[in-house]
Each structure stands twice: as structure tokens, then as C-alpha cells.
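Here's a quick walk through one protein model, written for someone who'd rather look than calculate. Have the sequence and the 3D view open as you read.

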Amino acid sequence: MKECHQVTEIGSCTDKNKAGPECLQCEEGCSKSRPPGCPHPCVLPCHPGECPPCVQMLRIKCHCKITSLYVECRKMTTADINEKNLLSCCKNQCPKELPCGHRCKEMCHPGECPFNCNQKVKLRCPCKRIKKELQCNKVRENQISIECDTTCKEMKRKASEIKEAEAKAALEEEKRRQQAELEAFENRLKGRRKKNKKRDEVAVELTLWQKYKYYLLPACAVVVVVFAWYIAHGVD
Ligand SMILES: [Zn+2]
Ligand SMILES: [Zn+2]
Ligand SMILES: [Zn+2]
Ligand SMILES: [Zn+2]
Ligand SMILES: [Zn+2]
Ligand SMILES: [Zn+2]
Ligand SMILES: [Zn+2]
């Protein structure tokens with residue numbers, strides 16, 4: 001409620017919040033608009049003139065969204081776009097991956113990653129003999145690939161020659177082995193044939209005895225009888 005009263009000018013009065021010594025102190029809060037971006041209320045009650053700069057801390061995410069940063073509110077609200085970007089930088093390397101597969105080399109930054117990857121990539125020729133280090137973006141732009149040179153071709157030829165020789169040697173070794181096996185088999189076969197011959201002879205002998213035993217038996221008996229008679233009569 002406002003009371004109408006006499007107001008004396010304040011000359012050198014230090015209390016600037018009063019229009020005159022008769023005035024009551026206004027007890028409302030400050031209703032001045034806050035600087036854009038400041039979510040805090042003014043720390044003073046209703047006052048004339050400018051609000052004091054806001055010294056509260058703002059919690060913000062950095063550009064790469066990994067780190068939380070605390071910035072003095074007045075710094076953020078008075079900064080231009082470049083200063084704001086600087087204040088929102090966590091000073092770490094950007095964690096994003098570039099389309100080439102390398103990690104972004106820039107420090108925490110706003111917006112898209114600049115894609116001019118100058119990291120080194122190792123290229124090799126198809127046979128892996130020639131090695132070259134090139135800049136990633138140059139390799140991508142020019143579709144660079146390394147071809148085999150004459151030394152590569154010479155080495156490839158030699159390698160294939162060695163392989164061929166090895167294959168040939170293996171083949172010959174296999175042939176020799178088979179030959180040896182064959183010979184061993186034949187020898188065994190010959191040995192068996194010899195044994196069979198002996199058995200045949202025995203059989204022949206047997207059949208001879210069997211064939212003539214009817215003639216030989218009486219002959220033997222006669223010999224025995226004659227021998228016995230000779231012993232009996234020949235002594236005296
Ligand atoms: Zn007031
Ligand atoms: Zn503030
Ligand atoms: Zn204020
Ligand atoms: Zn960051
Ligand atoms: Zn790259
Ligand atoms: Zn980046
Ligand atoms: Zn090569």
C-alpha cells in the first residue's frame with residue numbers, strides 16, 4: 001500500500017535505495033528482466049539501476065557431451081558466439097569417429113567434425129612387399145593403391161619356381177616309394193613260390209613210395225628173410 005507523504009531530496013545520503021528519508025524500504029523482489037540465458041533470480045531486493053552481474057554457476061555439457069562444465073553465469077550470458085564455444089569446450093580430443101574410421105583429431109568442438117583426416121595410413125602392394133605411408137584423406141580422394149613392381153614380379157616368379165621344384169621332388173619321391181613297395185612285394189611272392197616247389201617234391205616222393213610200396217614191401221621181406229637165413233647158417 002502506498003502512502004502519500006512529503007519527500008525530501010537526499011543530497012549526500014548514502015542509502016540510494018530510498019527516494020527520501022521518509023520513504024519506506026521497498027520489500028518486493030527485483031523485477032527487472034534477467035540477461036538472456038540466466039535462470040537465476042536477482043540477488044537484490046527491488047533496487048534502482050542495473051542488476052549486479054550474476055555470479056551463480058551454470059552447469060553445461062561440453063560440445064562432445066562427455067564432460068559437465070561449470071561456468072560463471074555472467075561469463076556465459078555476456079559472451080559472444082566464439083567465446084561461448086570456447087567456454088563449452090572440455091579441452092579433450094573429440095571422441096567421434098570419422099567416416100574413414102579414424103578418430104577426430106580436433107579438440108572438443110561444436111558442429112560436425114571437419115573431415116580432412118591427415119592421419120597416416122599404411123598401404124601395401126598386393127604381395128605385401130612394398131609398404132608406403134600416406135595421408136588418409138589423400139588416399140581416399142585419389143583412390144590410391146600400390147601396384148606390384150618388377151622386383152615383386154621377379155620374386156613371385158622365383159617363389160613359384162621353387163614351389164614347382166618342390167612338387168616335382170615330392171612326385172619323384174612318391175614314385176620311388178611305390179617302386180620299392182612293388183619290388184618288396186615281388187620278392188615275397190618269389191619266396192613263397194620256392195617253398196611251394198619243396199612241398200611238391202615231397203609230394204612226389206610220397207607218391208613214388210605209395211606207387212611202389214606193394215612191390216617194395218615183399219622185396220624188403222625177401223631181403224630180411226635172406227639176411228636172417230644168412231645169419232643163422234653162415235655162422236658155422
Ligand atoms: Zn520497489
Ligand atoms: Zn545467472
Ligand atoms: Zn536486480
Ligand atoms: Zn568435450
Ligand atoms: Zn582417416
Ligand atoms: Zn570431432
Ligand atoms: Zn608387390
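## Starting with an arginine

Is R157 buried, partly exposed or exposed? R157 is partly exposed, with a relative accessible area of 39%. Keep in mind that this is a predicted model.

R157 also has a partner: its side chain meets that of E161 in a salt bridge, at 2.6 Å from N to O. E161 counts as partly exposed too, at 43% relative accessibility. Why can these two reach each other? They sit four residues apart in helix 4 (residues 150-234), so about one helical turn separates R157 from E161. In general, side chains of opposite charge can pair when their charged atoms come close. The pair isn't on its own either, since E154, R157 and E161 are linked in a network of salt bridges.

## More pairs along helix 4

Scroll along helix 4 and you'll find E173 and R176, whose side chains meet in a salt bridge (3.1 Å, N to O). The spacing here is three residues, which again puts about one helical turn between E173 and R176. E173 is partly exposed, with a relative accessible area of 45%, while R176 counts as exposed at 52%.

Then there's R177, which forms a salt bridge with E181; their closest N and O atoms are 3.0 Å apart. R177 and E181 are four residues apart in helix 4, so they too are separated by about one helical turn. R177 is partly exposed, at 39% relative accessible area. The count for the model comes to seven salt bridges.

## A hairpin with two faces

Now over to the strands. Strand 1 (residues 57-61) and strand 2 (residues 68-72) run antiparallel and are joined by five bridges. Together they form a hairpin with six residues between them, and K65 in the turn has a positive phi of about 65°.

Which side chains of strand 1 are buried? L58 and I60 are, and they point to one face, whereas M57, R59 and K61 point to the other and are not buried. That fits the usual pattern: in a regular strand the side chains alternate between the two faces of the sheet. Across in strand 2, L69 stands opposite I60.

## A positive patch

Last stop, the surface: K122, R124, K128 and K131 gather there in a patch of positive charge. One of them, R124, lies in strand 3 (residues 120-124). R124 is partly exposed, with a relative accessible area of 42%.

Conventions
Residues are numbered from 1 along each chain as its sequence is written. Chains are lettered from A and ligands numbered from 1 in the order in which they are written. This is a predicted model: local features need pLDDT of at least 70, side-chain atom pairs count only at pLDDT 80 or more; totals for chains, interfaces and linings use all residues. Side-chain values use heavy atoms; hydrogens and water are left out. Patches are made of residues with over 30% relative accessible area and no salt bridge: like charges are joined within 9 Å, nonpolar side chains (Val, Leu, Ile, Met, Phe, Trp, Tyr) within 5 Å. Accessible areas come from the Shrake-Rupley method with a 1.4 Å probe; for residues, only the protein chains shown count as cover. A salt bridge is a side-chain nitrogen of Lys or Arg within 4 Å of a carboxyl oxygen of Asp or Glu. Lys and Arg count as positive and Asp and Glu as negative; His and the chain ends are not counted. The place of a charge is taken as NZ of Lys, CZ of Arg, CG of Asp or CD of Glu. Buried means under 20% relative accessible area, exposed over 50%, partly exposed in between (1.4 Å probe, protein chains only). Two strands pair if DSSP finds at least two bridges between them.
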